[in-house]
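Open the model in your viewer and set it to cartoon. We will go from the whole chain down to single residues, one selection at a time.

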Amino acid sequence: MQISRRTMLIGAGGAGALATVPVVQKLRWDGRDFVREGYDPNLHAAPEGKEAWMNWAGNQRATPHGVLWPENEAELAEIVRSAAGPIRPVGSGHSFSGVAPSDGTMIHLGGIEGLRGIDPATGEASFGAGTMLFNAAQELDAKGRAFENLSDIDVQTLAGAFSTATHGTGEKLTALHDYITGFRIMTPSGETLDVSADSNPDLFAAGKVSLGALGVITEYRLRTVPAFNLKRTVTVEPVRDFLGRIGELGATHRHFEFFYFPGTELVASLVHDVTDAPISDAGEADDDEVLQGLRQLRDALGWAPFLRRWMAQSEFPQGVIEDRVDSSHALLATARPTQFVEMEYHLPLEEGPAMVARVIDMLDRRKEVYFPMEYRHVAADDAWLSPFNGGPRASIAIHSSPEERYDFFFTEFEPMYLEKGGRPHWGKLHGLGADRLKALYPDFERFVELRRDMDPEGKFLNPHLAQVFGEAANA
Ligand SMILES: Cc1cc2nc3c(=O)[nH]c(=O)nc-3n(C[C@H](O)[C@H](O)[C@H](O)COP(=O)(O)OP(=O)(O)OC[C@H]3O[C@@H](n4cnc5c(N)ncnc54)[C@H](O)[C@@H]3O)c2cc1C
């Protein structure tokens with residue numbers, strides 16, 4: 001959450017006061033077990049000849065024949081041609097949805113990575129598709145260039161981030177795949193195609209956000225901008241004074257987002273703007289500490305909303321809690337040490353403020369929720385399966401610890417988002433299949449047709465993608 005270290009934990013005095021509140025509700029709450037049935041954080045065992053794989057959050061698992069790391073396109077072509085059964089390209093495993101896993105063969109492009117060159121005339125940079133975002137950002141920085149924006153974290157691979165329409169925040173800033181000006185893709189037959197808007201406009205518009213369903217992308221050519229520094233300001237304040245200012249904050253800052261802390265009636269807003277000011281001290285961002293404090297509050301006071309709110313408002317720091325200047329890539333992405341699962345829906349921009357007010361209300365009513373909600377803005381682009389195709393969107397993300405129940409994401413929140421034309425993040429949890437999706441995306445059926453042309457035997461499908469594209473499951 002990029003909030004500086006402060007006393008976000010419940011103070012000893014407050015905890016002492018709680019001990020003197022003898023109520024039946026408290027006893028009932030204390031007796032509650034939040035851990036969901038069947039939860040197991042450990043990597044599962046794989047039968048002989050198979051490998052165990054799970055994603056970062058631990059909610060997606062597979063037992064493929066192997067997770068293979070080709071070192072070059074020739075090795076990749078050999079794998080793609082000879083693999084028996086389905087194939088899935090995989091990045092850093094940071095998607096919560098089932099886009100990546102396969103019990104067939106999984107291919108990681110960690111061996112096909114790194115900066116290959118920058119065109120001095122246009123600033124366009126070529127990278128191996130397995131390059132991790134932070135490596136790409138650092139290599140660009142060393143050459144005086146940068147990406148226009150970044151997501152909250154930067155450990156994803158370029159191919160993984162682009163293929164699910166990964167985004168940052170900024171009303172005038174597009175999602176990351178919009179930087180693509182060309183790519184190389186390996187088809188199911190092991191053939192490689194060089195694709196650009198001129199050479200193959202349909203495959204270009206489809207392949208920027210492909211969910212890895214069209215083939216294995218091996219290289220990208222990307223638009224970059226001159227390197228720049230940002231000034232970040234983080235402010236914690238009561239939600240009631242804040243919601244009416246979403247439009248103004250979004251319009252006046254290059255990057256604007258906020259987190260709502262359930263049960264506290266407090267928000268932390270983050271704005272970033274370009275600056276020439278000198279780089280300041282690094283600060284002490286510690287998301288873990290914030291989460292620990294929020295969890296403690298829930299555990300101790302979830303039964304008493306008024307007390308929970310009161311305690312949060314007396315213990316949490318308020319006002320401007322951070323002002324910092326650094327390079328854009330150092331400020332925009334941070335580490336997320338605590339695992340979670342997430343559902344994020346992208347709503348038409350004008351629906352954002354009303355929807356987020358409803359979401360906050362619903363999170364507060366669910367007394368067990370403590371993970372913050374995140375709200376961002378993203379500008380429009382034209383990739384066929386981009387959730388931002390056709391207009392800017394407001395993105396609302398809700399989270400849960402993987403060990404707790406999160407079925408309410410699907411039963412209570414997803415239907416509400418769909419009513420207002422919301423589109424799901426492809427890399428995050430959603431329950432949609434082709435029937436719903438084709439009504440949400442004007443180019444959805446074109447994509448499905450192109451996918452069938454590229455991969456008629458469904459070599460690159462898995463059960464999740466079969467559901468998304470309305471095809472028979474392959475494995
Ligand atoms: C802690 C955390 C924070 C996050 N923050 C953000 C955020 O701020 N904004 C946001 O939008 N999302 C965010 N995400 C989601 C994340 O950016 C996406 O899920 C992204 O796809 C993960 O990239 P990855 O490299 O892990 O790819 P994976 O999850 O491994 O794969 C994603 C997709 O890419 C495909 N793929 C991978 N490599 C290739 C290839 N070479 N060719 C073709 N297809 C390929 C896979 O088949 C799959 O469909 C976050 C996720 C986590 C866990």
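Two residues count as being in contact if their C-beta atoms, placed from the backbone, lie within 7 Å. Keep that in mind for helix packing later on. Note too that this is a predicted model.

**Stop 1: the whole chain**

Start with everything selected. The chain holds 16 helices and 20 strands. Along the principal axes, its C-alpha atoms fill a box of roughly 70 × 55 × 40 Å. A compact globule of 475 residues would have a radius of gyration near 23 Å, and the chain agrees, with 23 Å. Buried residues make up 47% of the 475 residues. Of the contacts with a separation of 6 or more, 73% join residues 24 or more positions apart.

**Stop 2: the sheet of three strands**

Select residues 66-68, which are strand S3. Add 87-90 for strand S4 and 105-108 for strand S5. They form an open sheet in the order S3-S5-S4, with parallel pairing. S3 and S4 are the edge strands, each pairing on one side only. From one strand to the next, the twist averages 25 degrees.

Now look at the pairings. S3 joins S5 through 3 bridges. Val67 stands opposite Met106 in S5, and Leu68 stands opposite Ile107. On the S4 side, 4 bridges make the link to S5. There, Pro89 stands opposite Ile107.

Show side chains on S5. Which residues cover its two faces? Thr105 and Ile107 are on one side, Met106 and His108 on the other, and all are buried.

**Stop 3: the sheet of eight strands**

Move on to the open sheet of 8 strands. Its order is S16-S13-S15-S14-S18-S19-S17-S20, and the pairing is antiparallel. The edges are S16 (319-327) and S20 (423-424), each pairing on one side only.

Zoom in on the S20 edge. S17 and S20 pair over 2 bridges, in the antiparallel sense. Click Tyr345: its bridge partner in S20 is Pro424.

Next, select residues 229-238, strand S13, and find Val234 within it. Is Val234 buried or exposed? It is buried, with 23 other C-beta atoms within 10 Å; the cut-off for buried is 20 or more. Draw a distance from Val234 to Val271. Their C-alpha atoms are separated by 6.7 Å, though the residues are 37 apart along the chain.

**Stop 4: strand S14**

Select residues 255-261. Here 7 of the 7 residues of S14 are buried, so the strand is largely enclosed by the rest of the structure. His255, Glu257, Phe259 and Phe261 cover one side. Phe256, Phe258 and Tyr260 cover the other.

Add strand S15, residues 266-275, which pairs with S14 over 7 bridges in the antiparallel sense. Phe258 has Ser269 as its bridge partner in S15. The S14 and S15 hairpin has 4 residues between the strands, and Gly263 takes a positive phi near 80 degrees.

S14 also pairs with S18, over 4 antiparallel bridges. Tyr260 has Met373 as its bridge partner in S18.

**Stop 5: helix H12**

Select residues 352-365. At 1.5 Å a residue, the 14 residues of H12 should span 20 Å, and the end C-alpha atoms are indeed 20 Å apart. Gly352, Met355, Val356, Val359, Ile360 and Leu363 are buried. Turn the view to look down the axis of H12: these buried residues fall within an arc of 140 degrees, so they line one face of the helix. An α-helix has 3.6 residues a turn, so residues three or four places apart point the same way.

What does the buried side of H12 pack against? Its buried residues meet helices H7 (239-242) and H8 (246-252), and strands S14, S17 (341-348), S18 (373-378) and S19 (393-400). On the face turned away from the buried side, find the exposed residues Asp361 and Arg365.

**Stop 6: helices H13 and H9**

Select residues 408-419. Helix H13 lies across S17 and S19, running at about 15 degrees to S17.

Finish with residues 287-301, helix H9. Its 15 residues should span 21 Å at 1.5 Å a residue, which agrees with the 21 Å between its end C-alpha atoms. Buried residues of H9 include Val290, Leu294, Leu297, Arg298 and Leu301.

Definitions and conventions: Residues numbered from 1 in each chain as written. Expected span 1.5 Å × (residues − 1). Buried ≥ 20, exposed ≤ 12 C-beta atoms within 10 Å, placed from the backbone. Arc of directions from axis to C-beta. Pairing = 2+ DSSP bridges. Axes fitted to C-alpha atoms, helices over the stretch in contact; angles between N-to-C directions. Rg over C-alpha atoms; globule rule 2.2 N^0.38 Å.
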